[in-house]
Amino acid sequence: MSRAADEPVRLTRIYTRGGDAGETSLGDGSRVSKLDARIAAYGTTDELNSLLGVVLAGGCPPELREPLGRIQNELFDVGADLCVPFDVEGRLRSSRG
């Protein structure tokens, strides 16, 4: 069954073939428990980042646009820092490291 050209793609099943076993991958492919504190930190960081995006897309006061945009960019770096194993030298991107 084909879809119409204007119909969005629906991804109903996604397989990584990595298995579950209660683990997930970091940025380098190493595995950690889904209960690892950094995985919770990913979620918290992503939620805050998305909320800032909603504020910036909506009726954000002009004087807050620049600082909130800067904070949002820093949060992207924090997320990148979280996905790199601790023993990788020079791994931090965020300026507050």
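Helices here are DSSP runs of H or I with at least four residues, numbered from the N terminus. The model shown in every view is predicted.

**View 1. A salt bridge sits within helix α2.** Glu 66 and Arg 70 both belong to α2. They are four residues apart, about one turn of the helix. An α-helix has 3.6 residues a turn, so residues three or four places apart point the same way. The side chains of Glu 66 and Arg 70 meet in a salt bridge, at 2.5 Å from N to O. Arg 70 counts as partly exposed because its relative accessibility is 46%.

**View 2. The whole protein has two helices and two strands.** Along the sequence, the order is β-β-α-α. The protein has 97 residues, and 20% of them are buried. About 7600 Å² is exposed, with carbon and sulfur atoms supplying 56% of that area. Take the contacts with a separation of 6 or more: residues 24 or more positions apart account for 32% of them.

**View 3. Helix α2 packs its buried residues against α1.** α2 has 21 residues. From first C-alpha to last, α2 reaches 31 Å, close to the 30 Å expected at 1.5 Å a residue. Its buried residues are Leu 68, Gly 69, Gln 72, Leu 75, Ala 80 and Asp 81. The partner helix, α1, covers residues 37-57, while α2 covers 62-82.

**View 4. The largest nonpolar core has five residues.** They are Leu 52, Leu 56, Cys 60, Leu 68 and Leu 75. Both α1 and α2 give two or more residues to this core. Leu 75 is one of the core residues. Beyond its neighbours within four places in sequence, Leu 75 is in contact with Thr 45, Leu 48, Asn 49 and Leu 52.

**View 5. Asn 49 is a buried residue of helix α1.** Its relative accessible area is 7%. The cut-off for buried is under 20%, so Asn 49 falls in that class. Leaving out residues up to four places away in sequence, Asn 49 touches Gln 72, Leu 75 and Phe 76. Of these partners, Gln 72 and Leu 75 are listed among the buried residues of α2.

**View 6. Arg 31 and Glu 23 form a salt bridge.** It is one of three salt bridges in the structure. The N to O distance between the two side chains is 3.8 Å. Arg 31 is partly exposed, at 33% relative accessibility. Glu 23 is partly exposed too, with a relative accessible area of 34%.

**View 7. Asp 36 pairs with a buried arginine, Arg 38.** The closest N and O atoms of this salt bridge are 3.8 Å apart. Asp 36 has a relative accessible area of 27%, so it counts as partly exposed. Arg 38 has 8% relative accessibility, so it counts as buried.

**View 8. A nonpolar patch lies on the surface.** Val 9, Leu 11 and Ile 14 form it. Together they offer about 360 Å² of accessible area. Leu 11 is placed in the segment before β1, the strand at 23-25. Its relative accessibility is 66%. The cut-off for exposed is over 50%, so Leu 11 counts as exposed.

Key
Residues numbered from 1 in each chain as written. Predicted model: local features only at pLDDT ≥ 70, side-chain atom pairs only at ≥ 80, totals over all residues. Heavy atoms only, no water. Core = buried A, V, L, I, M, F, W, Y, C linked by side-chain atoms within 4.5 Å. Buried < 20%, exposed > 50% of the residue type's maximum accessible area, 1.4 Å probe, protein only. Contact = heavy atoms within 4.5 Å. Areas by Shrake-Rupley, 256 points an atom, 1.4 Å probe, with all protein chains shown as cover. Patch = residues over 30% accessible without salt bridge, like charges linked within 9 Å, V, L, I, M, F, W, Y side chains within 5 Å. Salt bridge = Lys/Arg side-chain N within 4 Å of Asp/Glu carboxyl O. Expected span 1.5 Å × (residues − 1).
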